[in-house]
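Work through the exercises below with the sequence and the model side by side. Try each task before reading its solution.

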Amino acid sequence: MSDNVLNQLRNKRNRPTVTPRQDALLTQEQPQAQAQEQNSLPQPTPVTELANSTAATADTIAELKAELEKYPQTRRHSAIVLEKDLDQELTRFCKELGITVEVFLEAAWTVASTDNALTEKITTEAKRRYDQRKRVGHIKRLITMLSNPSK
């Protein structure tokens with residue numbers, strides 16, 4: 001039985017090989033010239049190819065990381081809640097310009113923060129809207145409490 005297993009392992013090692021493919025687009029002289037070139041050049045082993053590929057990938061990653069450091073870092077912010085109509089208008093506006101709402105808000109802040117009068121005007125409007133949002137939240141809580149009386 002062990003002799004049978006040993007023979008099976010030996011037979012697996014001696015698998016038939018496939019003959020090289022002949023490319024129909026090449027003339028008869030071209031494959032011979034290519035075969036001579038291939039035989040004269042040292043063929044890299046798969047390990048060498050992998051090492052070269054890994055080194056190239058590491059270089060590319062290092063270059064990309066260096067370029068990335070030139071840009072400001074971003075940070076995910078909590079979801080922004082906007083008035084329904086304002087959200088639709090702002091989204092449409094940004095889509096037409098080919099930008100995101102987040103990038104628009106960054107740019108708006110960058111411009112507004114350099115102008116004290118404009119910043120004051122925006123802050124006044126923001127405080128008004130904030131008070132309005134608080135009142136809306138309070139009203140919604142009251143409606144919920146009155147709609148679900150405790151038993």
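**Exercise 1.** How many residues apart are Glu125 and Arg128 in helix α6, and by about how many helical turns are Glu125 and Arg128 separated?

*Solution.* This is a predicted model, in which local features need pLDDT of at least 70 and side-chain atom pairs count only at pLDDT 80 or more, while totals for chains, interfaces and linings use all residues. Residues are numbered from 1 along each chain as its sequence is written, and side-chain values use heavy atoms, with hydrogens and water left out. Helix α6 covers residues 116–147, and in this helix Glu125 and Arg128 lie three residues apart, which means a separation of about one helical turn. Helices here are DSSP runs of H or I with at least four residues, numbered from the N terminus.

**Exercise 2.** Find which residues are linked with Glu125 in a network of salt bridges.

*Solution.* A salt bridge requires a side-chain nitrogen of Lys or Arg within 4 Å of a carboxyl oxygen of Asp or Glu. Begin with Glu125 and Arg128, whose closest N and O atoms are 2.6 Å apart. Next, Arg129 also meets Glu125, at 2.9 Å from N to O, and these two are four residues apart in helix α6. With Glu83 added, the network consists of Glu83, Glu125, Arg128 and Arg129.

**Exercise 3.** Decide whether Glu96, the salt-bridge partner of Arg92, is buried or exposed.

*Solution.* Buried means under 20% relative accessible area, exposed over 50%, and partly exposed in between (1.4 Å probe, protein chains only). Glu96 has 59% and is therefore exposed, whereas Arg92, with 45%, is partly exposed.
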